[in-house]
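Dear colleague,

I am handing over the structure we spoke about, and below it you will find my notes on what turned up in it. Please read them with the model open beside you.

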Amino acid sequence: MSQSALIGAERVEALLRDRSEANAQFFAAEAERLARLCHRMAERFARAGRLVAFGATPADRSDARHVAVEFVHPVIVGKSALPALGIAGEGGRVADQVALESEGDDIAMGFGNNPDTFAALAAARARGCLTIAFAPGSGAEWEFDLTAFEDPFIRQEIVETLYHLLWELVHIFLDHRGLLEGRAAKPVHDSGASSFLYPFLGQQEHDLEAIVDDVRRSMLLKADEVTALRTQSLTEGCETLLSAARILRERLDAGGRLIALGNGGSATDAMDVVADFHTPMFGGPARRALDLTEDTGIITAVANDIGTDAIFLRQVIAYGREGDVLLAMSTSGNSLSVLEALKEARKRKLVTIAFVGYDGGNVAQGNLADHIVVSRSQNIPRIQEAQASVYHVLRELVELAAPQTVR
């Protein structure tokens, strides 16, 4: 390993250590409060309330879209869909949109510390919404302060794990409907569809504190799981990331651009990647980057007229040029739209990077990308959380990398 690669490996190790320590510190301190927040959110959902998530900046928008898709389109067997929507700056001032859309039984979740987001939280609270925020001074009823962690990427990763845990564990209280305001108590807990996921739940309906403690312990276990998966992803993928960062830096410096894509939660990760590359870092310039999930007109036209498998392929044909780099994200590694885009990108001589979960799926088995990092888990929320760390680390490495000559 060269000296520059060794320095890069030490950097990755340090970034991983910072994430592990921050994750443990935050969830040890906040797990009980988050469990109680799950209870309050379940009461709102039980009264036909919705989750209204919003963010004013491009990165905050990605989180608002991400949490909304998780609630509306659950990916874990046994989870029911819950109503949620994401609101972002492309629709105008976020506060104005929230004032128009929010209703009294809703849950308002604001991302970031933008004044527009704080104004939106105030509007939601005036409507009677339960309000949640992740920055001090927000005015939210449930505020989580992450300013102890200096790295904005680490803060965002903790927030992603936080809202994934809220989504996963709010269902426990929905299964204990006797504990929810306005619901008649039932004599014995019916664990329902969640029983196989949370085997230690079996208390009677009146025992709220026992359920809160079970949910708290689940949160701590899940927070440990993502630390383990981050460790595996960044340790096994370290050399791949260093190589990908060097060639990506070379291509960007030469005028190429990063093209990002993914489906569902991975689509919101593509939004975040592009937002990160558009933001200067370490004194370097803003970098050229394109999000293939951005244009719903193109996506729906291709899906309607040709099929969903071609939604990214057609855009790679339209936009991809030799000298560009394609970054594809998939929790399974098997999404046909991702596979087709990778194949087309390779034909057009783009460098290809893939972040995938499970065992790497068809992306890894078919060696469909030049640089592949596998997060070895079948738990989709944990995969996405680990992948967020992977692409955040990649963003840093690009600015720290010594460019290599592209042949």
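Val 52 has Leu 85 in β2 as its bridge partner, and this pair belongs to the contact between β1 and β2, two parallel strands joined by 5 bridges. Please bear in mind throughout that the model is predicted. The two strands are part of an open sheet of 5 strands, whose order is β2-β1-β3-β4-β5 and whose pairing is parallel. Because β2 (84-88) and β5 (142-143) have a single partner strand each, they form the edges of the sheet, and one side of each is left without a neighbour in it. At the β5 end, 2 bridges connect that strand in parallel fashion to β4 (residues 130-133), with Ala 133 placed opposite Glu 143.

Helix α2 (residues 58-72) packs on this sheet, where it touches β1 (51-55), β2 and β3 (107-111), and its direction makes about 165 degrees with that of β2. Helix α3 (residues 94-101), for its part, lies across β1 and β2 and runs at about 150 degrees to β2. Is β2, as an edge strand, enclosed or open to the outside? Of its 5 residues 4 are buried, so the strand is largely enclosed by the rest of the structure.

The loop between α3 and β3 holds Ser 102, which counts as buried because its relative accessibility is 1%, where the cut-off for that term is under 20%. A polar atom of the Ser 102 side chain lies 2.8 Å from the backbone oxygen of Val 98, and, if residues up to four places away in sequence are left aside, Ser 102 touches Arg 50, Ala 124, Arg 127 and Cys 129.

Turning to the nonpolar interior, the largest core contains 51 residues, and those with the most contacts inside it are Phe 71, Met 109, Ile 132 and Phe 144. At least two residues of this core come from each of α1 (3-46), β1, α2, β3, β4, α5 (152-175) and α6 (208-236), with α5 giving the most, namely 13 residues. Ile 132, again not counting residues up to four places away in sequence, has contacts that include Leu 37, Met 41, Met 109, Leu 121, Trp 142 and Phe 144. There is also a second, separate core of 35 residues, among them Leu 248, Leu 252, Ala 270 and Leu 327.

Two backbone details may deserve a look. Most residues other than glycine have a negative phi, yet Ala 48 has a positive phi of about 70 degrees; Ala 48 sits in the loop between α1 and β1 and is exposed, with a relative accessible area of 64%. Asn 367 also has a positive phi, near 50 degrees, and is found in the loop between α12 (361-365) and β10 (371-374), where its relative accessibility of 48% makes it partly exposed.

Finally, on confidence, the mean pLDDT of the protein chain is 92, and 90% of its residues reach 70 or more. Over residues 183-191, however, the pLDDT is below 50, although this stretch has 22 contacts in the model beyond near neighbours in sequence. The pLDDT is likewise below 50 over residues 198-204, a stretch with 21 such contacts.

With best regards

How values were computed:
Residues are numbered from 1 along each chain as its sequence is written. This is a predicted model: local features need pLDDT of at least 70, side-chain atom pairs count only at pLDDT 80 or more; totals for chains, interfaces and linings use all residues. Side-chain values use heavy atoms; hydrogens and water are left out. Two strands pair if DSSP finds at least two bridges between them. Helices (H or I, at least four residues) and strands (E, at least two) are DSSP runs, numbered from the N terminus. Contact means heavy atoms within 4.5 Å. Axes are lines fitted to C-alpha atoms, for helices over the stretch in contact, and angles run from 0 to 180 degrees between N-to-C directions. Buried means under 20% relative accessible area, exposed over 50%, partly exposed in between (1.4 Å probe, protein chains only). A polar contact is a pair of N or O atoms within 3.5 Å; within protein, one must be able to donate a hydrogen and the other to accept it, and residues adjacent in sequence count only if both atoms are side-chain atoms. A nonpolar core is a set of buried Ala, Val, Leu, Ile, Met, Phe, Trp, Tyr and Cys residues joined through side-chain atoms within 4.5 Å. pLDDT is the predictor's confidence in each residue, from 0 to 100.
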